[in-house]
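User: I would like to request a close look at one part of the model shown below. Please then set that part in the context of the rest of the chain.

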Amino acid sequence: MTENIQSTEFDPEFDSTWEEDDFSTGDYERVERAALRRVAGLSTELEDITEVEYRQLRLERVVLVGVWTEGTAADSDASMAELARLAETAGSEVLEGVVQRRDKPDAATYIGSGKVSELRDVVQATGADTVICDGELSPGQLRQLEEKLKVKVIDRTALILDIFAQHARSKEGKAQVELAQLQYLMPRLRGWGETLSRQAGGRAGGGNGGVGLRGPGETKIETDRRRIRARIAKLRREIAAIGVIRETKRGRRTANEIPSIAIAGYTNAGKSSLLNALTGAGVLVEDALFATLDPTTRRAVTPEGLPYTLTDTVGFVRHLPHQLVEAFRSTLEEVGQADLLVHVVDGSDGMPEKQVSAVREVISEINEETGTPMPRELLVVNKIDAVGDLGLARLRHLFPDASFVSAHSGLGIEELRVRIAELMPRPEVVVEALVPYARGEVVARVHRDGEVLSEKHTESGTLLSARVRPDLAGVLEEFATNGTPA
């Protein structure tokens, strides 16, 4: 699909006051995404141009199709609205959306043969070239719909995979997306093999066989499946090797007793914006679904000066394809192994409670498979600057224990820092020690890695009462005023 995402914050080509040295990582990525874009209103093309070699940059024109099987009409409309945003993020122009009420999707055509005829009329009337279904289609449903509609048909899973393929940047991200795509493609390979190298039976001179007509016995589709299986095995090995590197880095942080905090939440809830507001990371921020896929870890400190790490993870969505959950397992494990989970919710969304349940469902699934307990959760409602007083009152009623912030304007960020510091795991050993002035590095380490409760300078040295971790308590043992740490 053709990407049509434009920069909404600045245009470095026309802003002469912007210096290249001021660019952050996210600024460079935004410029790259906007490097090829469609400018509306400049086309002078006539409608009857038929030259074969003529090419035009054109957005795909799509019609959305949904099956309403459960929930309320508002839930169905919200799902279709989200599908429209996904289609626009992938680079499509949404022309029409239709929803059918059924107990369950039709096994043959997803929406039933009668509705397929109506859908074909809609496609022809609008001039659409693609139909996107709000669900995962079986190979049979996909084939039947394409044969009857005479246009390309994709489902919600393929659409999300396409967006992931556009936005993946790191080696690990590209490998994870390719693995998910191949797992999705494997049961949907289509081929017949009449003109390929199938084994031709029959006697010599017969219509279906004969001398020189016997092939090696393997069809093209079987060759494709074998190569895809080999590629999947290779990608799994690559991702496992990258996972070892990730585990090594995580092990270093654990050895240094640095608390880790994972930022998770629904896509476009403002996770990257919150990371930038808390740490100044400068990662890409864009009003688009799944704008950032690669996890980013940055160091931060509490108001008392205690260090911790913040990790921005991949976003979630309703009915997240299981291929993505499987492929991004090593990335999602960052959430399960964190000391604190900062769960970001889009306060401007019409149904924020649905976002919360969708995220918790995926995280609990990962934790059950890995055997890790659910980390402590801090709910953060973002984008409160886009919500009126009545909406904010409703959010406070829905999430009474949440923190309410606006990462864009900075409202509530300082209060969030204090809340994070309160919920972080704290050093568990209380020690009182008299440290000689000649050992100033020990005092500095207590300030850096511990929590100083009181400090007094005496003639003999610095008298400290602090809460520290066991390794630092062992260093302070020789200076303990009562012989042993408290």
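In which loop is N268 found, and between which two elements does that loop lie?

Analyst: In this predicted model, N268 is found in the loop between β5 (residues 260–265) and α8 (residues 271–279). The backbone of N268 deserves attention: its phi is near 65 degrees, a positive value in a residue other than glycine. N268 has a relative accessible area of 13%. Because buried means under 20% relative accessible area, N268 counts as buried.

Another loop offers a second example of such a backbone. K383, in the loop between β9 (376–382) and α12 (389–398), has a phi near 65 degrees, again a positive value in a residue other than glycine. A positive phi is found in a glycine too: G91, which follows α2, has a phi near 110 degrees.

These loops belong to a protein whose secondary structure comes to 15 helices and 13 strands. Of its 486 residues, 45% count as buried. Among the contacts in the protein with a separation of 6 or more, 67% are between residues 24 or more positions apart.

Helix α2, the element that G91 follows, shows how buried residues are arranged along a helix. It covers residues 73–90, which is 18 residues, and spans 26 Å from its first C-alpha to its last, close to the 26 Å expected at 1.5 Å a residue. The buried residues of α2 are S76, S79, M80, E82, L83, A84, L86, A87, T89 and A90. They pack against three strands, β1 (60–68), β2 (92–101) and β3 (130–133), and against the helix α5 (156–167).

The packing of helices can be stated in geometric terms. Two packed helices are described by the angle between their axes and the distance between the axes. For α2 and α5, the angle is about 40 degrees and the axes are 9 Å apart. That angle makes α2 oblique to α5. The crossing of α2 and α5 is left-handed. On the side of α2, the residues in contact are S79, E82, L83, L86, A87, T89 and A90, and they meet R156, L159, I160, D162, I163, Q166 and H167 of α5. Sorted by class, this contact has seven nonpolar, four polar and three charged residues.

Helix α5 has a further partner in α6 (residues 171–185), and here the angle is about 155 degrees, with the axes 10 Å apart. Because angles over 145 degrees count as roughly antiparallel, α5 and α6 are described as roughly antiparallel to each other. Their crossing is left-handed. The contact involves T157, A158, L161, F164 and A165 of α5, together with V177, A180, Q181 and Y184 of α6. By class, there are seven nonpolar residues, two polar residues and no charged residues in the contact of α5 with α6.

A third pair consists of α3 (residues 113–126) and α4 (residues 139–149), which pack at about 50 degrees with axes 10 Å apart. These two helices are therefore oblique to each other. The crossing in which α3 passes α4 is right-handed. In this contact, V116, L119 and R120 of α3 meet L145, K148 and L149 of α4. The residues divide into four nonpolar, no polar and two charged.

To return to the part in question, N268 is a buried residue in the loop between β5 and α8, and its phi is positive.

Methods. Residues numbered from 1 in each chain as written. Predicted model: local features only at pLDDT ≥ 70, side-chain atom pairs only at ≥ 80, totals over all residues. Heavy atoms only, no water. Helix = DSSP H or I, 4+ residues; strand = E, 2+ residues; numbered from the N terminus. Expected span 1.5 Å × (residues − 1). Buried < 20%, exposed > 50% of the residue type's maximum accessible area, 1.4 Å probe, protein only. Contact = heavy atoms within 4.5 Å. Axes fitted to C-alpha atoms, helices over the stretch in contact; angles between N-to-C directions. Parallel < 35°, antiparallel > 145°, perpendicular 65-115°, else oblique. Left-handed = near helix turned anticlockwise from the far one by under 90°. Nonpolar A, V, L, I, M, F, W, Y, C, P; charged D, E, K, R; others polar.
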